[in-house]
Amino acid sequence: MNWEFIYRVGIIEAIKGVPVSLYVTFVSLLIALPLGFLCAITRFRRVPVLSELISVAVSFLRGTPLVVQIFIVYAGFPSILNYMVQTFNWNFDAFSINPYVYAFFVFSLNVTATLTEVFRSALSAVGKDQAEAARSVGLNAFQANCHIIIPQALVSAIPNICNEFLNLFKSTSLVYMMTIQDITGKLRIAASAGYNYTEAYIVIFIVYFLLGFGMEKLFQRIENNMKRYKALPQT
Amino acid sequence: MISVKNIQKSFGHNHVLKGIDFSLNKGDVVVILGPSGSGKTTILRCINFLERAEQGELTIGDIHVNLKHATSKEIHRIRKRSAFVFQNYALFNNKTALQNVMLSLTVARKVPVPEAAGIAKAALNKVGLSDKYDAYPSQLSGGQQQRVGIARAIAISPDVILFDEPTSALDPELIGEVLGVMKQLAHEGVTMIVVTHEMSFARDVATNVIFMDGGVIVEQGTPQAIFDNPKEDRTKQFLKRILLEEQ
């Protein structure tokens, strides 16, 4: 075991990669949260055509491995684009697209797919009586959603959102496949110089564990704070 | 001043209401009795548009609507003048008692918050919950939750309050506190339509009792007429069974 590699190179490279991993995670999540919510409402309301389209897309995204999706998007798409550029004589370099664009695209779509189902089940978990009571006291559909249905749905969705966030954070370790140097990417490069792969992966393991553990604790606090109305002691 | 005419409603092939007519005056307490499945609850739900009737007319004060064709604006006007108390309370779980009562004032009626808070507190005081303003429904007993439900109904000073089996989900020892509040409201002249199995409430508080079975009104009259001198065999049968059970 090359200890020197671990604390001289490994840890420093890992820390350099942390902002990149977090950047991809947060941007993808920020795109996916509203998008997933809209898709969930479309599915929940059973909007014709759109609802079915979303359902098919979700099945595709959830049913295929992330690695394959990354290959198709990152390797396949530019080739198709390049073919079109040559055929139609566009003045555009198909291989010049920033890899982050591909990363945001793949990860946000993936998370959107999961969050669609998360939000949909959260919306159906709010009792029917809540909507009826809201209508009966004179709230219109929009007001009922804003004041009663959505706040309650969000609370029951929070544990799953946290789960999905952690999954996303871990999956972003695949962005090195798109030449982005996140935690994993930085360490793989550092390791290749002296073939210190075992040491590199141990560092990656520890860094992800510490960050993941911290996030989990943070989310627990948020969750407990948001669901405070649920299980309070009797006054 | 409140009347319904010829309410018809089916669920699939099940013809639940086969033409219901009745009317009541300001301050009346109408109690609807009948075996399960006779359509009692469906009447109230149709009046509050929680179910769409297939036919029927509703008049509350000067508002006259067709139960089948009412526009959302008309429905909104009816709901502003009537309130519904649910069997399972149906309080907003993410709101405190006070917020539950205030919401229909501040959001649906645009009453300014300080004024709405005043009205809501008065309503909660009236049902004996002056110490529970900030309690969430999960912190309240069934009886307390139902009293918040009643406060939510009286806060909008409706022309009529519809009670859908308000005590059916309660433990026997909690029924009294809810019935007590309802009796008090009746004495204050609040107009109510009550679906219940509480015979003593019907006998003591109702101004008018309706007995229904199989989607039609079998008999209606004063409590004395219905309880002491029922004309229809079906009513006699029902009362005999219920009163026997109560003894």
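The accessible surface of chain A comes to about 13000 Å², and carbon and sulfur atoms account for 66% of that area. Please keep in mind as you read that this is a predicted model. Chain A has eight helices and zero strands, and this briefing starts with its overall build before turning to some individual residues in chains A and B.

**Overall build of chain A**

- Read from the N terminus, the elements of chain A follow the order α-α-α-α-α-α-α-α.
- The radius of gyration of chain A is 22 Å, whereas a compact globule of 235 residues would come out near 18 Å.
- Measured out along its principal axes, the C-alpha trace of chain A spans about 70 × 60 × 25 Å.
- Of the 235 residues in chain A, 44% count as buried.
- Take the contacts in chain A between residues at least 6 apart in sequence: 80% of them join residues at least 24 apart.
- Chain A carries 17 positive and 12 negative charges, and the mean positions of these two sets are 7 Å apart.

**Helix α7 of chain A**

- Helix α7 of chain A covers residues 183-194, and its buried residues are Ile183(A), Thr184(A), Gly185(A), Lys186(A), Leu187(A), Ala190(A) and Ala191(A).
- The cover over the buried residues of α7(A) includes two other helices of chain A, α1 (3-44) and α8 (197-226).
- Just after α7(A) comes Tyr195(A), which has a positive phi near 55°.

**Aromatic residues**

- Over all chains, the structure holds 14 aromatic pairs.
- One of these is the stacked pair of Phe88(A) and Trp90(A), with 5.6 Å from centre to centre and 25° between the planes.
- The angle of 25° between the planes of Phe88(A) and Trp90(A) is under 30 degrees, so the pair counts as stacked.
- In this pair, Phe88(A) is exposed with a relative accessible area of 52%, while Trp90(A) is partly exposed at 42%.
- Elsewhere in chain A, Tyr23(A), Tyr100(A) and Phe104(A) make up one aromatic cluster.

**Positive phi in chain B**

- Lys110(B) is not a glycine, yet its phi is positive, at about 60°.
- Lys110(B) sits in the loop that runs between α3 (97-108) and α4 (113-126) of chain B.
- With a relative accessible area of 59%, Lys110(B) is exposed.
- Glu165(B) is not a glycine either, and its phi is also positive, at about 40°.
- Glu165(B) belongs to the loop between β7 (160-164) and α6 (172-187) of chain B.
- Glu165(B) counts as buried because its relative accessibility is 11%, and the cut-off for buried is under 20%.

**Thr167(B) and its surroundings**

- Thr167(B) is found in the loop between β7 and α6 of chain B, the loop in which Glu165(B) is placed.
- At 4% relative accessibility, Thr167(B) counts as buried.
- Setting aside neighbours within four places in sequence, the residues in contact with Thr167(B) are Ile175(B), Val178(B), Leu179(B), Thr196(B) and Glu198(B).

Note on methods:
Residues numbered from 1 in each chain as written. Chains lettered and ligands numbered in written order. Predicted model: local features only at pLDDT ≥ 70, side-chain atom pairs only at ≥ 80, totals over all residues. Heavy atoms only, no water. Helix = DSSP H or I, 4+ residues; strand = E, 2+ residues; numbered from the N terminus. Rg over C-alpha atoms; globule rule 2.2 N^0.38 Å. Buried < 20%, exposed > 50% of the residue type's maximum accessible area, 1.4 Å probe, protein only. Contact = heavy atoms within 4.5 Å. Areas by Shrake-Rupley, 256 points an atom, 1.4 Å probe, with all protein chains shown as cover. Lys, Arg positive; Asp, Glu negative; His and termini not counted. Charge placed at Lys NZ, Arg CZ, Asp CG, Glu CD. Phe/Tyr/Trp six-rings, centres within 6.5 Å; stacked < 30°, edge-to-face > 60°.
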